[in-house]
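Let's take a stroll through this small report together. Keep the sequence and the 3D view side by side as you read.

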Amino acid sequence: MVKELKCVICKKTVKEMSGVISDEPENLAWDGGAVFRDTVGYGSRFDMKELIICLCDECIEKNLGFLTFG
Ligand SMILES: [Zn+2]
């Protein structure tokens, strides 16, 4: 069971919060971050591999400025 992940940009630890039970990390609650899971597509040497990506809130705010908030 996943308890914590590191932000892929700054390596800050993002910890799982209690209260949500799931075998899928992207569906758990993360304290100050977000977790995504997807399968790599054709063209990458990691084609068909599964990626779990964690982003802390600070990096979402600072590095993903193209997102629309609100
Ligand atoms: Zn970060």
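## Val 35 and its neighbours

Leaving aside residues up to four places away in sequence, Val 35 touches Leu 5, Pro 25, Glu 26, Leu 28, Trp 30, Ile 52 and Cys 54. You'll find Val 35 in strand 4, which covers residues 33-39. Keep in mind that this is a predicted model, so what you see here comes from a prediction.

Is Val 35 buried, exposed or partly exposed? It has 19 other C-beta atoms within 10 Å, and a residue needs 20 or more to count as buried, so Val 35 is partly exposed. There's also a nice long-range link here: Val 35 and Ile 53 are 18 residues apart in sequence, but their C-alpha atoms are 5.6 Å apart in space.

## Leu 5 and the core

Now hop over to Leu 5, one of the residues that Val 35 touches. Leu 5 sits in strand 1. It is buried, because 21 other C-beta atoms lie within 10 Å and the cut-off is 20 or more. Setting aside residues up to four places away in sequence, Leu 5 touches Val 14, Val 35 and Cys 54. Try finding Gly 33 as well: Leu 5 and Gly 33 are 28 residues apart in sequence and 9.6 Å apart in space, going from C-alpha to C-alpha.

Which residues make up the largest nonpolar core? There are seven of them: Leu 5, Cys 7, Val 14, Trp 30, Cys 54, Leu 55 and Cys 56. The biggest giver to this core is strand 5 (residues 50-56), which supplies three residues. Trp 30, another core member, touches Val 14, Glu 16, Met 17 and Val 35, again leaving out residues up to four places away in sequence.

## The three-stranded sheet

Next, look for an open sheet of three strands, in the order 1-2-3, with antiparallel pairing. Its edges are strand 1 (4-6) and strand 3 (30-31), each of which pairs on one side only. Some background helps here: strands of a sheet pair through backbone hydrogen bonds, and they can run parallel or antiparallel.

Let's take the pairs one by one. Strand 1 and strand 2 are antiparallel and joined over three bridges; Lys 6 has Thr 13 in strand 2 as its bridge partner. On the other side, strand 2 (residues 13-16) and strand 3 pair over two bridges, also in the antiparallel sense. Here Glu 16 has Trp 30 in strand 3 as its bridge partner, while Lys 15 stands opposite Asp 31 in strand 3.

## Two residues with positive phi

Strand 1 and strand 2 form a hairpin, with six residues between them. Which residue in the turn has a positive phi? That's Lys 11, with a phi of about 70 degrees even though it isn't a glycine. Lys 11 lies in the loop between strand 1 and strand 2. With 10 C-beta neighbours inside 10 Å, and 12 or fewer needed to count as exposed, Lys 11 is exposed.

Met 48 is another residue that isn't a glycine but has a positive phi, of about 75 degrees. Look for it in the loop between strand 4 and strand 5. Met 48 has 9 C-beta neighbours inside 10 Å, so it counts as exposed too.

## The whole chain

Time to zoom out. How many helices and strands are there in the chain? You can count one helix and five strands, and from the N terminus on they run β-β-β-β-β-α. Of the 70 residues in the chain, 11% are buried. If you take the contacts between residues at least 6 apart in sequence, 32% of them join residues at least 24 apart.

And how confident is the predictor? The chain has an average pLDDT of 91, and 89% of the residues score at least 70. Among the elements, strand 2 has the highest mean pLDDT (97), and helix 1 (residues 57-63) has the lowest (90).

Notes:
Residues numbered from 1 in each chain as written. Predicted model: local features only at pLDDT ≥ 70, side-chain atom pairs only at ≥ 80, totals over all residues. Pairing = 2+ DSSP bridges. Helix = DSSP H or I, 4+ residues; strand = E, 2+ residues; numbered from the N terminus. Core = buried A, V, L, I, M, F, W, Y, C linked by C-beta atoms within 7 Å. Contact = placed C-beta atoms within 7 Å. pLDDT = per-residue confidence, 0-100.
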